[in-house]
Number of protein chains: 4
Amino acid sequence: MVKVLINGYGSIGKRVADAVAMQKDMEVLGVTKTKPDFEARLAVEKGYKLYAAIPERKPLFEEKGIEIEGTIFDVIEEADIVVDCTPGGVGKDNLKMYKEYKVKAILQGGEKAQYVEDNFNALWSYDRCYGKDYIRVVSCNTTGLCRILYAINSVTDIVKVRAVLVRRGADPNDVKKGPINGIVPNPPTLPSHHGPDVVSVIPELEGKIFTSAVVVPTTLMHMHIIMVETTGTTRDNIIESIEKTPRIITVSAEEGLNSTAAIIEFARDLGRMRYDLNEIAVWEESINVVDNEVFLMQAIHQESDVIPENIDCIRSMLEMVDDKMKSIEMTNKAMGLLK
Amino acid sequence: MVKVLINGYGSIGKRVADAVAMQKDMEVLGVTKTKPDFEARLAVEKGYKLYAAIPERKPLFEEKGIEIEGTIFDVIEEADIVVDCTPGGVGKDNLKMYKEYKVKAILQGGEKAQYVEDNFNALWSYDRCYGKDYIRVVSCNTTGLCRILYAINSVTDIVKVRAVLVRRGADPNDVKKGPINGIVPNPPTLPSHHGPDVVSVIPELEGKIFTSAVVVPTTLMHMHIIMVETTGTTRDNIIESIEKTPRIITVSAEEGLNSTAAIIEFARDLGRMRYDLNEIAVWEESINVVDNEVFLMQAIHQESDVIPENIDCIRSMLEMVDDKMKSIEMTNKAMGLLK
Amino acid sequence: MVKVLINGYGSIGKRVADAVAMQKDMEVLGVTKTKPDFEARLAVEKGYKLYAAIPERKPLFEEKGIEIEGTIFDVIEEADIVVDCTPGGVGKDNLKMYKEYKVKAILQGGEKAQYVEDNFNALWSYDRCYGKDYIRVVSCNTTGLCRILYAINSVTDIVKVRAVLVRRGADPNDVKKGPINGIVPNPPTLPSHHGPDVVSVIPELEGKIFTSAVVVPTTLMHMHIIMVETTGTTRDNIIESIEKTPRIITVSAEEGLNSTAAIIEFARDLGRMRYDLNEIAVWEESINVVDNEVFLMQAIHQESDVIPENIDCIRSMLEMVDDKMKSIEMTNKAMGLLK
Amino acid sequence: MVKVLINGYGSIGKRVADAVAMQKDMEVLGVTKTKPDFEARLAVEKGYKLYAAIPERKPLFEEKGIEIEGTIFDVIEEADIVVDCTPGGVGKDNLKMYKEYKVKAILQGGEKAQYVEDNFNALWSYDRCYGKDYIRVVSCNTTGLCRILYAINSVTDIVKVRAVLVRRGADPNDVKKGPINGIVPNPPTLPSHHGPDVVSVIPELEGKIFTSAVVVPTTLMHMHIIMVETTGTTRDNIIESIEKTPRIITVSAEEGLNSTAAIIEFARDLGRMRYDLNEIAVWEESINVVDNEVFLMQAIHQESDVIPENIDCIRSMLEMVDDKMKSIEMTNKAMGLLK
Ligand SMILES: NC(=O)c1ccc[n+]([C@@H]2O[C@H](COP(=O)([O-])OP(=O)(O)OC[C@H]3O[C@@H](n4cnc5c(N)ncnc54)[C@H](O)[C@@H]3O)[C@@H](O)[C@H]2O)c1
Ligand SMILES: NC(=O)c1ccc[n+]([C@@H]2O[C@H](COP(=O)([O-])OP(=O)(O)OC[C@H]3O[C@@H](n4cnc5c(N)ncnc54)[C@H](O)[C@@H]3O)[C@@H](O)[C@H]2O)c1
Ligand SMILES: NC(=O)c1ccc[n+]([C@@H]2O[C@H](COP(=O)([O-])OP(=O)(O)OC[C@H]3O[C@@H](n4cnc5c(N)ncnc54)[C@H](O)[C@@H]3O)[C@@H](O)[C@H]2O)c1
Ligand SMILES: NC(=O)c1ccc[n+]([C@@H]2O[C@H](COP(=O)([O-])OP(=O)(O)OC[C@H]3O[C@@H](n4cnc5c(N)ncnc54)[C@H](O)[C@@H]3O)[C@@H](O)[C@H]2O)c1
């Protein structure tokens, strides 16, 4: 049983912890928190061992009556790998500690590509990351782009990708961030940095992907409008390839799944924990091929699509399973994904 | 095993179905749908027998490949009780059918009080509704008000209630309804109809309750600001009484539960199906008593607080359990409520 | 002085009325209303003659003490032209009346292209519409696309247009419509109908324009992400051409105009009536040319960009000014546009 | 002509500048900015002399080609009074400078009451502030409460005030702040600090006013639900008194003014600069008196209601007009208020 320490128990961290706990070949060694809030209390109630991420804050947990095992330094040496789920920018600073303690570590998409050995998406770079020490699981948006491009690339050659990202303003529990009413070009320069981020996973797209992004007042999901020029394909080919690609589902607006809100309702009705939809949802009606260019729209549940990727990344870095498709299948089955 | 037919499988209906299925003393006879949408498909996948609410629409389900057992008229006579969860106003029209088929029926809060024999809240009117045929489970807001007033009334006498309801504009999956940006006095007349609705459950509050309501651009929860003049009490008394009252919990802003969004995050982290928080959440910090007047703020998960009430209402109307507290306990345990 | 009757005094109608009143060569004959609301009251206070659009509702205005001159049938024969600003779909029905009374009429973008002789954008089809009787001023989105494509087309040849429209959910004063929280692919099929709508103005783009659209929870402005393959151009050429094109301005995110909300703030600070920004706003930072493909982002004030077009359309249909650029200049000057 | 320096040219500052410029007995000496953004550019275009609020930032303006006269220290000695419109908390720090330069100063509602000599509302404390040196114009919410309480107090005695404030989350141009979807009890403790803030203006309400506040996802206006126990009054008395009180108007939901969004539409249609509604808007339908308790709902345009108060405050502090009603009338007329 591989021992996984989760550093930073927020939106991503708590999901990674639960996903690790569901796997047969790994276990949660502990989770770290910086504040004695309700998430800390629930972590302990779930049975996770809790450690103070910032040593001097340990007493705060005790004052609140939240059971705390120690600080991160009391546990880090036992870990086979740390999944760093701290806020963007912090992970990079933590790398020094991981290196000092000679523990492998996964960073998340809020960090820059340059600080790690390689960038992970299960479909594209499982093999490249095999046995490596410091790897970044790319962001929710990049993960969504990589998956759909994998499906398309499986049946045709990609000539040029244009993608527009309509991003959620904040996660659902974050009431501090806006916008309340307005659309924010973010960044206002074109193309956006999301294209190069995809290239960090799929180098062959260098110079072939152009992205732009706006932020809008919603919390539920991102949405992508995707246009991919290819050397030749058909709508049926694309649908069939999506059908075969793990972690992408198609949804039908006509059956009522006609907004990101309806897709979340679907995930709620499925009984998904925290309504997580780890799969990318592509609108069936939107899929079209005109002049060999693939058009489609997809919705990305930003809080959860990267979670199964983190699990596969652990297996790859710790050389636990050598076939990416086998790892994907193990993860999906343990987490109860649709496919 | 009592047989329950759910007529109208929308936000409330699907939850009532799942809650009935969780009880040991009742079962879901079937559910009705008007449209062959994703909710219909999931109902069948869950194992519920599906019937067309509108007979002529039955073929639509077949066209979509959704297994349908027949129409409501094929099953209604087998039902011990129908829980009508159709949109506001439709339930009243359905009463004629229920009476014709001599089946007991529960209507929901979107219907007016005048059409039924009595109005149900488990704490206040379980006994009054015992054995009756046509009962209304009051709305989400009224249910929330009744619960907190029960807690207050348990330790002191209520002199006057003032309550302001800050209401969610639409349920999360309803993208048609606004407001997007604005506050709507609804109704613009004062006092609002919510006071009389509470009186339909608690007649002794006649002339003593004054409510007002606004609608705001949020989907997650309603919020109530409550001011109750009493003959005398203390903050500790109120907290203790809330502690003892079923289906009300206290939450601490200081521990991070500082918005309706954070409360929903809490329900998600608890692993609640569809993130339902059937319990009313009262902010601990908000509870105060000044000059014998109780002040507090509470959050109401509109989609789910009435669900356990529907279960208790079934038990009361079918004379299954004669002690309200026993029914409440059975329901809560089966549904996994915190209290 | 040309006499203009405005039928339907809502968001578009009241602005058309004010814009007509500002011109030296035309006057407001009257405006019609269906309801005696605050807009009706203000119309009278402004000095517009008010007529009941629906004859049997005339007494309602009198009951409310709002001065009303008569019904539309009392005034229609005096009109040189009617600007129909009724809700989408109603304009088409009104055509019969206009034809019966032999009065020229302008319909708005909510109507379909097929019902009129041609489709108007001042830059593209002023000449085509010259002297015609029934013309449609295209929608706010189509107007925005036509303007920017005119600027691009002025310096290079357009090979293919891809545009993504991120649309406001409702106008600011419409609190009934959502979405409150969610992104709606609208339509969920690709390409969307916006491309053909542009083609109704610019036939040479047939088969060369692919649009898609989503609706988001904001009321202020639409936003377009535009990608135009050309036979060859440079960023400087495009900027220069935008500079020369009427009714498009560039804004700088770096100077604080970094969202649609900030652009509206700018219009407020300019002292614009109702904060109308009749000009399309293109983000300077967003303009880029890569491999002869122009990329840019623009914001569209849906309530007001079509207003100057309506004025020019009147001049064209009534053969008042034969040079489009002269009409544009007259309109812009009278309305105080930046350019 | 009294010389007014505006320190901090943001939402409040730019409006104060424009309002000062409209008065016959005062003029804008200059305005200060910290950043060379579009607001700075427009200030210069309007003809205001611009000074760097932070001296070392002066070159930034020059780099951007924005004409700048100097720093605040080049102009402060010429001022008869400074209206400090810096962000909450900064004003207090600036007090030292104002005292050092022996210039009178007005602080805004984001500052605490304790730092100034007294707190200003034109109706309640004009006389008390007469000739004083350091005065705070209370916040938008407190101003709204003071006005309506003045109207009520004019015809009856106030026994107890209960008020619930439903606050806008951010100003319209602020896309950084949330909430996007959620209701935030702010503060979560009851009563809120708004009551004591009213008492800073109306000391006789000490112990008699209980407020609570929530923040919601809207940018347009705050809304107040107000309940005032009195020694005796009638609905007609209250309406009549509101009629007589300056800077409060009544609006009718039935005439279409049925949300804060509709009220803003009304202000836009009135042609108000930046759609400012300096008057408080009380819903006519909401006004009710039951058991001598006055109930009503009012909407507050947070960006602008304090602006005329700042003008009157200048007159009071500089002893320019000794009758408050005369100053109010002068201000209202110059600004074009409805009353
Ligand atoms: N939320 C998303 O939508 C999303 C999606 C994909 C990737 N990511 C990335 O995942 C990472 C985490 O994001 P998140 O949304 O979970 O953030 P979060 O703010 O929800 O959680 C971060 C957690 O880290 C804790 N923390 C802060 N400083 C710490 C420190 N020095 N040491 C340990 N813990 C610390 C915080 O208390 C918090 O619990 C970021 O890189 C982010 O960009 C986020
Ligand atoms: N959603 C809430 O917040 C909430 C809370 C408490 C009470 N209620 C009340 O519960 C009732 C149901 O509300 P909801 O939110 O679940 O509505 P909903 O719209 O989500 O669901 C109603 C369902 O009834 C179906 N339906 C429509 N007409 C029908 C007919 N003639 N026969 C059978 N089914 C029909 C619809 O297809 C839909 O599936 C209403 O009275 C409402 O006021 C709703
Ligand atoms: N609002 C926008 O963003 C926008 C932008 C461009 C074009 N348009 C188009 O302009 C047209 C008007 O839209 P709007 O936004 O002004 O709508 P609106 O609803 O604001 O105004 C329509 C007005 O027409 C009145 N009306 C309704 N039925 C009528 C009838 N039978 N006869 C006369 N008047 C009637 C209504 O009372 C209302 O005052 C539509 O075709 C719309 O698609 C709207
Ligand atoms: N916006 C409202 O709704 C509102 C309503 C009533 C009162 N107020 C109060 O008015 C004051 C100003 O608020 P606002 O909304 O105008 O804020 P704002 O952020 O819109 O404007 C503040 C301005 O001050 C400038 N500034 C920052 N630091 C400065 C410094 N050290 N010296 C000079 N200028 C500086 C900023 O650049 C900005 O232009 C606050 O006290 C606030 O609480 C605001």
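How much of residues 2–140 of chain A is helix, and how much is strand? Helix takes 34% and strand 24%. The C-alpha atoms at the two ends of that stretch sit 25 Å apart. UniProt, in an unreviewed entry, lists residues 2–140 of chain A as "domain: Glyceraldehyde 3-phosphate dehydrogenase NAD(P) binding". Keep in mind that this is a predicted model.

Now symmetry. Take chain A and rotate by 180°, with 0.0 Å of shift along the axis. That puts chain A on chain C, at an RMSD of 0.0 Å. So the relation is that of a two-fold axis. Which C-alpha of chain A is nearest the axis? That of Pro217(A), 2.9 Å away. Both copies use the same surface: of the contact residues of chain A, 100% recur in chain C.

Next, the cores. The largest nonpolar core counts 136 residues. Val166(A), Val166(B), Val166(C) and Val166(D) have the most contacts inside it. Look at Val166(D). Leaving out residues up to four places away in sequence, Val166(D) touches partners in two chains. From chain B, they include Val166(B), Ile183(B) and Val214(B). From chain D, they include Val214(D), His222(D) and Ile225(D). There is a second, separate core of 75 residues, with Ile12(D), Phe120(D), Ala163(D) and Val289(D) among them.

Last, ligand 3. It has 21 residues around it. Nearest are Ser11(C), Ile12(C), Thr34(C), Arg168(C) and Asp171(C). What about distances? An oxygen of ligand 3 lies 2.8 Å from a polar backbone atom of Ile12(C). For Gly10(C), an oxygen of ligand 3 is 3.5 Å from a polar backbone atom. On the side-chain side, an N or O atom of Asp171(C) is 2.6 Å from a nitrogen of ligand 3.

Methods
Residues numbered from 1 in each chain as written. Chains lettered and ligands numbered in written order. Predicted model: local features only at pLDDT ≥ 70, side-chain atom pairs only at ≥ 80, totals over all residues. Heavy atoms only, no water. Least-squares fit on C-alpha atoms with pLDDT ≥ 70 in both. Contact = heavy atoms within 4.5 Å. Core = buried A, V, L, I, M, F, W, Y, C linked by side-chain atoms within 4.5 Å. Buried < 20%, exposed > 50% of the residue type's maximum accessible area, 1.4 Å probe, protein only. UniProt positions renumbered as here; feature names shortened; annotations may be inferred. Helix = DSSP H or I, 4+ residues; strand = E, 2+ residues; numbered from the N terminus. Near = heavy atom within 4 Å. Polar contact = N/O pair within 3.5 Å; in protein donor to acceptor, adjacent residues only side chain to side chain.
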